[in-house]
Amino acid sequence: MRSTISSNAKPLRSGGEAITIQRSPSLADEVYDVIFGQLMALKIAPGSRITVDNLVRELNVSHTPIREALGRLEGEGLVNKAHLVGYSAAPQISRRKFDELYELRLLLEPDAAKRAVANMNETGMKELQEAAGVMFRRDGTDERVRYSTFARQDAIFHDKILDLAGNQLIRETLAHQHTHFHIFRLMFHSRVTEEALDEHDAIVTALSSGDAFGAEQAMRNHILHSRDRLLEAFD
Ligand SMILES: [Zn+2]
């Protein structure tokens, strides 16, 4: 599939007046979104080489936004850059790393959900409800787009709860793992998002009613189910 991105950048004007460079502020973001979507939907396979020239041809843009996007994805742990070799998609996480990651999440996130109840406020609740992703339920949107959007929303949702829990070190530790991008690449399946949305609803409901114990349980339940859903990828 060829996905062309149209550049809104206007040609440079020369002459008596000053030259104004009008670079579309969204082009780099658009390129990033497309490559991010391809990585999340496994269209770019984990571990495979990513050639800048191929992307230039496929997306019909210059090298600059591509390199920018790849740099950003490198920072998010989805792309690796090796000297003289170039870019490649990050390899799939190992079963061992997967188990360790879920063990860490189970230790930290249910407790964080419990503590978030005490610090809940109107703004926090609104942000959580948005990130809970309910509006991304089946609505005719391209499955690939929906999937990668949900992966990002899920990261924001969990990070927001850790933020409200108040321990910034725990929050940074988990953010540094780029958990959500790695686990969502294990399997591209609508079940992964549909069931998670219901579980997010349960977490939001407990948080909004000030039920600390319920929030802790709902978060544990969500992480355990998420683990079970994605474990199938290792069969
Ligand atoms: Zn989640």
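On a 1 Å grid over the protein atoms alone, a cavity is a set of points where a 1.4 Å probe fits but cannot get out, whereas a pocket is an open set with protein on both sides within 12 Å along at least five of seven lines; lining residues have an atom within 4 Å of a point. The model examined here is predicted, so local features need pLDDT of at least 70 and side-chain atom pairs count only at pLDDT 80 or more, while totals for chains, interfaces and linings use all residues. Residues are numbered from 1 along each chain as its sequence is written, and side-chain values use heavy atoms, with hydrogens and water left out.

Three cavities of 30 Å³ or more are found in the structure, a volume being the space filled by probe spheres set on grid points, which are joined across faces, edges and corners. The largest cavity has a volume of about 60 Å³. Its lining is made up of Arg105, Phe150, Asp154, Ile183, Phe184, Val192, Ala196, His222, Ser226, Arg229 and Leu230. At least two of these residues come from each of α6, α8, α9 (190–208) and α10 (212–231), with helices (H or I, at least four residues) and strands (E, at least two) taken as DSSP runs numbered from the N terminus. The largest share, four residues, belongs to α10.

Turning to the pockets, the second largest holds about 270 Å³ of space. It is lined by 16 residues, of which Ala155, Asp159, Leu174, Ala175 and His180 are the closest to its centre. Two or more lining residues are given by each of α4 (95–116), α6 (143–165), α7 (168–176) and α8 (179–184); α6 provides the largest share, with six.

The strands offer another place to look. Strand β3 (residues 86–89) pairs with β1 (residues 49–50) in the antiparallel sense over two bridges, pairing requiring that DSSP finds at least two bridges between two strands. Within this pair, Arg49 has Ser88 as its bridge partner. Strand β2 (residues 79–82) also runs antiparallel to β3, joined to it by four bridges, and Ala82 stands opposite Gly86. Three residues separate β2 and β3 in a hairpin, where Leu84 in the turn has a positive phi of about 70°.

Helix α2 (residues 52–59) has Val52, Leu55, Val56 and Leu59 buried, meaning under 20% relative accessible area with a 1.4 Å probe and protein chains only. Seen down the axis of α2, these buried residues fall within an arc of 105°, so they line one face of the helix; the arc is that of the directions from the helix axis to the C-beta atoms. After α2 comes Asn60, with a positive phi near 60°.

Notes: Buried < 20%, exposed > 50% of the residue type's maximum accessible area, 1.4 Å probe, protein only.
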